[in-house]
Every structure is written in C-alpha cells, then in structure tokens.
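This briefing is for a reader meeting the structure for the first time. Please look over the sequence and the model before reading on.

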Amino acid sequence: MNYTAESVWTDCLSFIKDNIKPQAYKTWFEPIKPVKLSGEALTIQVPSKFFYEWLEEHYIKLLRVALVRQLGNDAKLIYDVKMENNYSSNRPQIVKIPSSNRDPLKPQKVTVPLDSSKRELRNPFIIPGLQKVKIESQLNPNYSFANFVEGDSNRLARSAGMAVANKPGGTSFNPLLIYGGVGLGKTHLSHAIGVDIKDKYPDKTVLYISSEKFTQQFIDSVKSNTRNDFIHFYQMIDVLIIDDVQFLSGKAGTQDVFFHIFNHLHQNGKQVILTSDKAPVDMQDIEQRLLSRFKWGLSAELQAPDYETRISILQNKLFRDGVEMQEEIIEYIAKNIKSNVRELEGVIISMIAQASFNRREFSIELAKQIVDKFVKNTKKEVSIDYIQKEVSKYFDMDVATLQSKTRKRHIVQARQLAMFFAKRLTKTSLASIGNQIGQRDHATVLHACKTVDNLTETDKQFKKYVDDLTKKLTF
C-alpha cells in the first residue's frame, strides 16, 4: 500500500481523537494540515509558532505514539510553522522545525529526613521519619546527544559520555572529566549525558550543579549549622554533574566536603561527571588528594572544531531553527569563525535577527558585517601549528627539526620559544602543547616557559627573539 501524507495523518487523527477530549481535539488538531511524507518523516502545517510550541509541550507523547503506529519506530515529525515575521521579505512566511520528539524531564523523588532540625542520627543505617521530596535535575533537555555534532575535536569525549549514559557508575570512566576552552560544548555534553541517563534509567537521581552554586550551598549549610544535612543530601545522588570544577581552587573547606562526597559516591558505584576549562595537571590551588581522584577515571579534552565540523554545526543549528541559508554563506562563516561553537551559533542568531527585524536577505555582505563584529570583538587565538611554522621560519629551520630530539642549543631555544608562545597565545593545556611540539610532557613545557622568562631578563639577543616573534604572532 502506498502511503500519502493525507492518509497517514487521517489514521493518526483517528487514534488521537480516541485519546483526548473533543474540545482539545477541535482546538489543537483540526486546524493542522498534512503537507508532505518523505520516508518516515511526516511534515504538518500549523497556524503559528505558539501552536507548534503548545503541541510540543502538551501532546508530543500522543503524537509520537500515533506516528510510530503508522510509520514505525523511525518515524519523524516536522512542522511547517507560519511565522508572523519572516526572515526574508521575498519568501513565503513559513519555516520548517523538527519535533524535539521528547517529553519534559520529570523531577526525581528522594527520601530525606522529615525533621531536619535534628542534627545527629544515632544510627546512620536507621533513619526514622522519612519523606519523599522532589529533586529537580536542573538539566536542559535541549542539550542532547542528537544535537551535539560529532567531529575529530570531540569524538573521545562524546563517545565516553555515551558509554557513561549507557551504564552510569559501571564503566571505568568514573569520574568523567570533560575539559576544554570556552564555548566548546562542555556544559552541553554534560547535560546530554544527564538527559540520556534520565531517559534510560528514570529511577536514578541525576543532579546538575555549577561549582559556584555548590560552594554557596556549602557556605549556607555552615552558617545554618546544617553541614551534615548538606553532605547526606549529596550522598543520595546517583549521578552528580558538577560544572566548572576549576572554580573550587583556593576554597579549602568546599574541597574538603567535596572530597568526602566524592569518595562516598565513587565507593558506592555512583557516577561523577566534572567539567573544567583546564586539564587536572594545570589546575592551581586544588588539593593533591582531590586532583588524584579527578585522574582516576577519564579526562577527555574538547578542542576547537575543524572546518568540516564547523560546517556541520552551522547546518545543524539552521535545521533546528527551521531556517534555510545558501551554502556559500555557511562556508564563509565557517572559514572565518574558528575559535568556538558558541560564536558560530551567535553569528547565525545575529543573521536571523537582522534578516527578520530589518527585512534583509541572507547574503555574503550581511554575513561579512556580522562576522567582522565577532572577529574584532574576539581576541584572535593563533594555532600551535602556526606558531611552530613562524618560529621555524624565523630561525631558518623546518618544523621537523624544531620537533626533533636534538639537544643543539639553537634548536632547543627555538623549541622552547614555540612552547612559550603556545602557552601564552592559546588556551591549549600544557600536556596538549607538549604533545604537539615534539611529543613532550607538560613538565617540559613548564620548564621551557621558565627558561624563556629567565633568558628574556638576562640575554639581550634572546629578548630580541621574543620581541620579534611577539610582533609576528600577534599581528
């Protein structure tokens, strides 16, 4: 039998009609028109964006069941949404938006003591007077694996995250530490792991929290003399996600309490997920006993996306926003915004806003105007490859010689200068710098930076090297 959009939607409506009140059916489903059937993807037209948002929030489960009955488990739903304000005056006022295809996250019920004024529990295994309370996971369901675009720069971290989501606390990736520069997807990936765990294991208590909020809660518990309650609360969590853990540096009390919470969770097979803008080896003012625990599991780095990944990210963003844009404009943005994902998405949002509010066409000229503002307002970060090429050229040698194991003085100095500028001009970790400049370790990079600092102060010729290279590398 040949299915059409009309026949599939008619069958869906007969199922939906049997499962909701007549008034709701008349209000929310009668105005919908089937538009197109492409494989397992059904496109339907809805009268407004509000209409689409209401369906997604209140009837997504019913729509999904109805579609799966007709088209199988791979069924997809796409909305044609009539927009009041369009991105371009020359196009029909309709955008395509794919369904999120998921229900809102439900709060988790957890047992806690009824009378929190009693500070002491005589027997920690017998807790009288318990009640169920709801714990909001604080996860954002829009941050999912589905819209986290995979590339060479993030494959390890994403794969490890999916392994953890499939078996929280049951892999060797515990804790999982995701680190990398600003705007590369650390928060997105940590949320995606939590969201996937909530989908697969509804009974597990998942909690996402920033290290600043964790610290503030601890300070409040000390002030109100409820430190034990604070610890007990966190020891009940099945999956604890702490964002920006580097901000615990210098906070001895918070580190101490986190150390005990971490030990309890780890020993009881609970999952800990951490994010940081630094690798463990580069974190300052964090206790060694805590740092050593960060290294127990897997530390996965997120790096700046390459050109192909940037193209995929832009296409994914446009698809999710229901916007069509010429390929040459997408390529222009990808070539000129290289530092992070957040800026890539920011350019797209600015493009849509300009086109929508000022009734301007998407064009290379518009893209250039917006990109110029982003690039000017962003400190340019050069790559380690570029630094090595420029330093090698300055000392009249090739990059292979710079990276070699030779101990000749002028080559060693060139290598040390490359490491010095890589640390100074990029956000890359010491371990990654050493790895890229001749397979050295982080200690070699630290030594190189100290040597360059010392020679700059004591050797006039060497200071000239540093000044000349600084001008070349910082444009």
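The notes below go from the whole chain to its cores, its helix pairs and some single residues.

The model is predicted. Its chain has 475 residues, and 47% of them are buried. The secondary structure comes to 20 helices and 11 strands. Among contacts in the chain with a separation of 6 or more, 71% are between residues 24 or more positions apart.

**Nonpolar cores**

- The largest nonpolar core consists of 29 residues, and Trp9, Phe29, Leu55 and Tyr79 have the most contacts inside it.
- At least two residues of this core come from each of helix H1 (5-17), helix H2 (22-28), strand E2 (41-46), helix H3 (49-58), helix H4 (60-71) and strand E3 (76-82).
- H1 gives the largest share of this core, with 7 residues.
- Setting aside residues up to four places away in sequence, tryptophan 9 touches Phe29, Ile32, Pro34, Leu42, Ile44 and Leu63.
- There is also a second, separate core of 28 residues, which includes Val382, Met419, Phe421 and Phe462.

**Helix pair H1 and H4**

- Two packed helices are described by the angle between their axes and the distance between the axes.
- For H1 and H4 the packing angle is about 130°, and the axes are 9 Å apart.
- The two helices are therefore oblique to each other, as angles over 115 and up to 145 degrees fall in that class.
- H1 and H4 make a right-handed crossing.
- On the H1 side, the residues in contact are Val8, Trp9, Asp11, Cys12, Phe15 and Ile16.
- On the H4 side, they are Leu62, Leu63, Val65, Ala66, Leu67, Arg69, Gln70 and Leu71.
- The contact of H1 with H4 holds 11 nonpolar, 1 polar and 2 charged residues.
- Trp9 of H1 and Leu63 of H4 take part in this helix contact, and tryptophan 9 touches Leu63.

**Helix pair H11 and H12**

- Helix H11 (residues 307-321) packs against helix H12 (residues 327-336) at an angle of about 125°, with 9 Å between their axes.
- That angle makes H11 oblique to H12.
- The crossing of H11 and H12 is right-handed.
- H11 brings Tyr307, Arg310, Ile311, Leu314, Gln315 and Leu318 to the contact.
- H12 meets them with Glu327, Ile330, Glu331, Ile333, Ala334 and Lys335.
- By class, the contact of H11 with H12 has 7 nonpolar, 1 polar and 4 charged residues.

**The loop between H15 and H16**

- Aspartate 396 is in the loop between helix H15 (384-394) and helix H16 (399-403).
- Although aspartate 396 is not a glycine, its phi is positive, at about 60°.
- Aspartate 396 has a relative accessible area of 72% and is therefore exposed, the cut-off being over 50%.
- Methionine 397 lies in the loop between H15 and H16 too.
- With a relative accessible area of 15%, methionine 397 is buried, since buried means under 20%.
- Apart from neighbours within four places in sequence, methionine 397 is in contact with Ser392, Leu402, His410, Ile411 and Ala414.
- One of these partners, alanine 414, is 17 residues from methionine 397 in sequence, and their C-alpha atoms are 9.4 Å apart.

**Other loop residues**

- Glutamine 439 is part of the loop between helix H18 (430-436) and helix H19 (442-458).
- Its phi is positive, near 55°, and glutamine 439 is a residue other than glycine.
- Glutamine 439 counts as exposed, at 58% relative accessibility.
- Glutamine 246 lies in the loop between strand E9 (239-243) and helix H9 (252-267).
- Glutamine 246 is buried, its relative accessible area being 8%.
- Beyond neighbours within four places in sequence, the contacts of glutamine 246 are Thr275, Ser276 and Asp277.
- Asparagine 174 and proline 175 are joined by a cis peptide bond, with omega about 5°.
- Proline 175 is in the loop between helix H5 (155-166) and strand E7 (176-180).

Key. Residues numbered from 1 in each chain as written. Predicted model: local features only at pLDDT ≥ 70, side-chain atom pairs only at ≥ 80, totals over all residues. Heavy atoms only, no water. Helix = DSSP H or I, 4+ residues; strand = E, 2+ residues; numbered from the N terminus. Buried < 20%, exposed > 50% of the residue type's maximum accessible area, 1.4 Å probe, protein only. Contact = heavy atoms within 4.5 Å. Core = buried A, V, L, I, M, F, W, Y, C linked by side-chain atoms within 4.5 Å. Axes fitted to C-alpha atoms, helices over the stretch in contact; angles between N-to-C directions. Parallel < 35°, antiparallel > 145°, perpendicular 65-115°, else oblique. Left-handed = near helix turned anticlockwise from the far one by under 90°. Nonpolar A, V, L, I, M, F, W, Y, C, P; charged D, E, K, R; others polar.
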